[in-house]
Amino acid sequence: DIPKSQYVYITVYNIASGLGKAKPLTAFLGLIFFVYLAVNKKLAQRYRKLRMLQPTGPLVSCLVGTLLLLLIPALREEFKVKYVGYIPDGLMPLSFSTFQFANV
């Protein structure tokens, strides 16, 4: 995990100092999906016939990533590529009870 800070330069330093711990295949897959989403957005903006690509891009990349992990066991077993896991249903709990105007 990367330590968080209220200062951007400290967070950037923590990210840069932890790059050696990154798994190369996981970083490569993330970069590929990021490039796909950027190119997808540019194509959808440039060509009207491809306009529907822009809103479906994140869904397609999520589906492809999930299928890659399901169909290629070496990604999970050898290269230790992980998926997010369980995400609880529903909305996040409201925190209005802890909000106090005196602290503003």
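Start with K80, in the segment after α4 (73-77). Bear in mind that this is a predicted model. Check the backbone at K80: phi is positive, about 55°, although K80 is not a glycine. Now turn on the surface for K80. The residue is partly exposed, because its relative accessible area of 43% falls between the 20% and 50% cut-offs.

Next, select residues 53-71. This is helix α3. Add residues 24-46, which form helix α2. How far apart are the axes of α2 and α3? They lie 9 Å apart, and the two helices pack at an angle of about 155°. That angle is over 145°, so α2 and α3 count as roughly antiparallel to each other. Turn the view to look across the pair. The crossing of α2 past α3 is right-handed.

Stay on α3 and pick P58, which sits in that helix. Is P58 buried, partly exposed or exposed? P58 is partly exposed, with a relative accessible area of 46%. Now add F33 and draw a distance between the two C-alpha atoms. The line reads 9.0 Å, while P58 and F33 are 25 residues apart in sequence.

Move to α2 and select L31, which belongs to this helix. L31 has 51% relative accessibility; the cut-off for exposed is over 50%, so L31 counts as exposed. Draw another C-alpha distance, this time from L31 to I72. The separation is 19 Å, and the two residues are 41 apart along the chain.

Keep L31 selected and extend the selection to the surface around it. Which residues make a nonpolar surface patch with L31? Add F34, V35, V39, L43, Y47 and L50. Together with L31, they make a patch of about 640 Å². Colour these residues as one group to see the patch on the surface.

For a last view, show α2 and α3 with the patch residues, P58 and K80 highlighted. L31 marks an exposed position on α2. P58 marks a partly exposed one on α3. K80 lies in the segment after α4, where the tour began.

Definitions and conventions:
Residues are numbered from 1 along each chain as its sequence is written. This is a predicted model: local features need pLDDT of at least 70, side-chain atom pairs count only at pLDDT 80 or more; totals for chains, interfaces and linings use all residues. Side-chain values use heavy atoms; hydrogens and water are left out. Patches are made of residues with over 30% relative accessible area and no salt bridge: like charges are joined within 9 Å, nonpolar side chains (Val, Leu, Ile, Met, Phe, Trp, Tyr) within 5 Å. Accessible areas come from the Shrake-Rupley method with a 1.4 Å probe; for residues, only the protein chains shown count as cover. A salt bridge is a side-chain nitrogen of Lys or Arg within 4 Å of a carboxyl oxygen of Asp or Glu. Helices (H or I, at least four residues) and strands (E, at least two) are DSSP runs, numbered from the N terminus. Buried means under 20% relative accessible area, exposed over 50%, partly exposed in between (1.4 Å probe, protein chains only). Axes are lines fitted to C-alpha atoms, for helices over the stretch in contact, and angles run from 0 to 180 degrees between N-to-C directions. Angles under 35 degrees count as roughly parallel, over 145 as roughly antiparallel, 65 to 115 as roughly perpendicular and the rest as oblique. A crossing is left-handed if the near helix is turned anticlockwise from the far one by less than a right angle, and right-handed if clockwise.
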